[in-house]
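Open your viewer and get ready to select. We will take one chain as a whole, then zoom in on a single residue.

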Amino acid sequence: MGIRIQNYEWTLRGLDNVPNSAYPEAGVQYSIFVGPYGNRIEIPPFVKETEFVVIHQFGCTEGVLAKPSITTTPLVGTTLDSWKPNGFMQIVINTTGYYQDPQNTFSSGISGTAAPYPWTITDVPPHYELLPPIYILPEQTWDFRFTMMNDLRDYLTTRDALGGDNVTRVPTTTILAQCFVQYHLFDGPDALICHQLLEMGIPITVDNVEWYKRVLLRSRGLDTQTWEHYLSSMQAYREIDEYHEKYGSRTRKG
Amino acid sequence: MSLRRQAYEWRNIVPTGKTVSNTGHPILTYDSTGAVEATVRQIDPYRPIDIMIGGLGNNLEEPAELRANQFVVIDSVACWPISSAINIRIGTTRYFQDPSGIPSAGMTGAAMPYLPSDATQQFIGHYDILIPPIYVLPGQAWGIEYTATETLNTGSPVPTLDSEIATAYVRYLLIDGADMLVAMKLLESNIPVSAETIQWYKRTLIRHSLMADVASEETLNKVLEDMERRLI
């Protein structure tokens with residue numbers, strides 16, 4: 001399985017009867033893979049020697065105001081049934097943050113309004129598109145960090161301070177925040193092809209990797225490491241590129 | 001990371017008692033009834049506000065100015081509500097102007113809406129991307145100006161809906177390092193600067209380099225063929 005499209009969904013749910021400090025602190029970035037909140041994996045994302053990763057889409061719960069919805073039921077108590085996180089997502093590769101402010105400092109990243117997840121039927125296409133996509137090379141670690149700007153801890157503490165029926169718990173059915181990441185995982189020989197394409201400056205997409213494989217098959221085991229081979233491959237790619245441009249099957253989108 | 005797709009978002013919501021948050025988007029707290037302890041600041045009509053250093057909403061500490069190794073391509077702007085407009089400033093020049101040549105409020109939210117999640121009407125807008133995009137060259141200062149065409153959030157109320165918050169959004173391609181040199185080369189050749197054309201130019205450079213190598217190898221072989229072999 002050389003080329004696989006992969007998805008990762010992170011969900012932060014209520015934890016029922018836990019201290020308020022069990023929820024993320026507002027304004028602090030947490031990893032959606034190995035952070036202390038929500039579902040997690042054991043090992044931080046790391047691209048092995050035989051792999052190549054292309055991240056091309058992500059999103060998180062949209063909305064600015066939390067609009068908390070409270071239900072009080074006799075014998076059950078008071079529950080928080082919905083909450084909007086006012087979230088932002090930042091991508092970190094090794095130790096470098098992808099998103100920065102116009103003043104060149106590390107930022108919180110892209111908001112859920114610009115890149116919403118999930119989409120509903122009333123949503124227009126998102127404003128933010130990850131073009132060009134991000135390449136994660138072998139031996140690199142990568143991470144998505146989520147920041148919640150609505151202070152859930154403070155809200156629960158404020159309600160608890162009133163006592164009685166105001167003491168609020170968040171049931172496990174309440175989704176507090178969600179993040180989604182979609183990427184292509186190339187491994188084995190396809191990862192080597194990704195490197196060849198990278199060396200030639202050709203965008204790494206599923207189509208281009210498949211095309212290069214066809215070029216290799218046509219060469220029938222002849223030496224592909226010569227300059228002539230590189231040259232003919234690049235000329236062939238240029239012809240394809242010109243064809244797409246001429247017949248409008250692909251647009252030049254920045 | 002030489003080609004990066006960046007975005008900057010501005011909102012006029014700030015914690016109660018404040019006008020500006022200089023450290024980016026503020027943390028929003030809520031009272032026990034679920035009301036946000038923040039206000040959406042009043043915006044007077046036809047008074048442009050710089051969304052980065054305008055002293056209202058989330059701001060930066062420094063104005064946006066490109067370093068010597070940076071190049072920016074702004075290709076999408078949007079704002080909300082529809083009775084607002086957005087203009088792009090490069091140095092002291094405003095991008096959008098009216099037919100008489102005077103800088104205008106800019107592209108309106110109706111033409112390029114930045115829809116909140118609870119908008120009652122789903123505006124699609126006329127534009128998604130700016131064609132042609134706007135280039136900001138190394139060393140240039142730039143900014144985005146937000147102008148309301150009517151008074152927004154009169155009396156700076158506490159918002160109850162996302163659609164009551166005035167927002168502005170700009171999406172741009174940040175090119176730095178060696179790719180900035182390629183971008184400048186494309187600019188000199190009057191070729192549009194985008195992620196694709198930069199990659200195309202790099203491919204051309206590699207191809208030409210390979211062609212030169214092949215040609216020099218052939219020339220070398222030819223020269224060697226004509227030369228007498230000597231044993232030293």
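How many Å apart are the mean positions of the positive and negative charges of chain A? They are 5 Å apart, taken over 19 positive and 28 negative charges. Keep in mind that this is a predicted model.

**Stop 1: chain A as a whole.** Select chain A and show it as a cartoon. You should find four helices and twelve strands. Now turn the chain around. Its C-alpha atoms fill a box of roughly 80 × 40 × 35 Å along the principal axes. The radius of gyration is 23 Å, whereas a compact globule of 254 residues would have one near 18 Å.

**Stop 2: surface and contacts of chain A.** Switch on the surface. The accessible area of chain A is about 12,000 Å². Carbon and sulfur atoms account for 55% of that area. Of the chain's 254 residues, 51% count as buried. Next, think about contacts between residues at least 6 apart in sequence: 72% of these join residues at least 24 apart.

**Stop 3: Leu66(B).** Move to chain B and select Leu66(B). It sits in the loop between strand 7 (64–65) and strand 8 (70–80). Is Leu66(B) buried or exposed? Leu66(B) counts as buried because its relative accessible area is 6%, under the 20% cut-off.

**Stop 4: around Leu66(B).** Select Gly139(B) as well. Leu66(B) and Gly139(B) are 73 residues apart in sequence, yet their C-alpha atoms are 4.9 Å apart in space. Beyond its neighbours within four places in sequence, Leu66(B) has contacts that include Phe71(B), Val72(B), Val136(B), Pro138(B) and Trp142(B). Gly139(B) is also in contact with Leu66(B).

Methods. Residues are numbered from 1 along each chain as its sequence is written. Chains are lettered from A and ligands numbered from 1 in the order in which they are written. This is a predicted model: local features need pLDDT of at least 70, side-chain atom pairs count only at pLDDT 80 or more; totals for chains, interfaces and linings use all residues. Side-chain values use heavy atoms; hydrogens and water are left out. Helices (H or I, at least four residues) and strands (E, at least two) are DSSP runs, numbered from the N terminus. The radius of gyration is taken over C-alpha atoms; the globule rule is 2.2 Å times the number of residues to the power 0.38. Buried means under 20% relative accessible area, exposed over 50%, partly exposed in between (1.4 Å probe, protein chains only). Contact means heavy atoms within 4.5 Å. Accessible areas come from the Shrake-Rupley method with a 1.4 Å probe; for residues, only the protein chains shown count as cover. Lys and Arg count as positive and Asp and Glu as negative; His and the chain ends are not counted. The place of a charge is taken as NZ of Lys, CZ of Arg, CG of Asp or CD of Glu.
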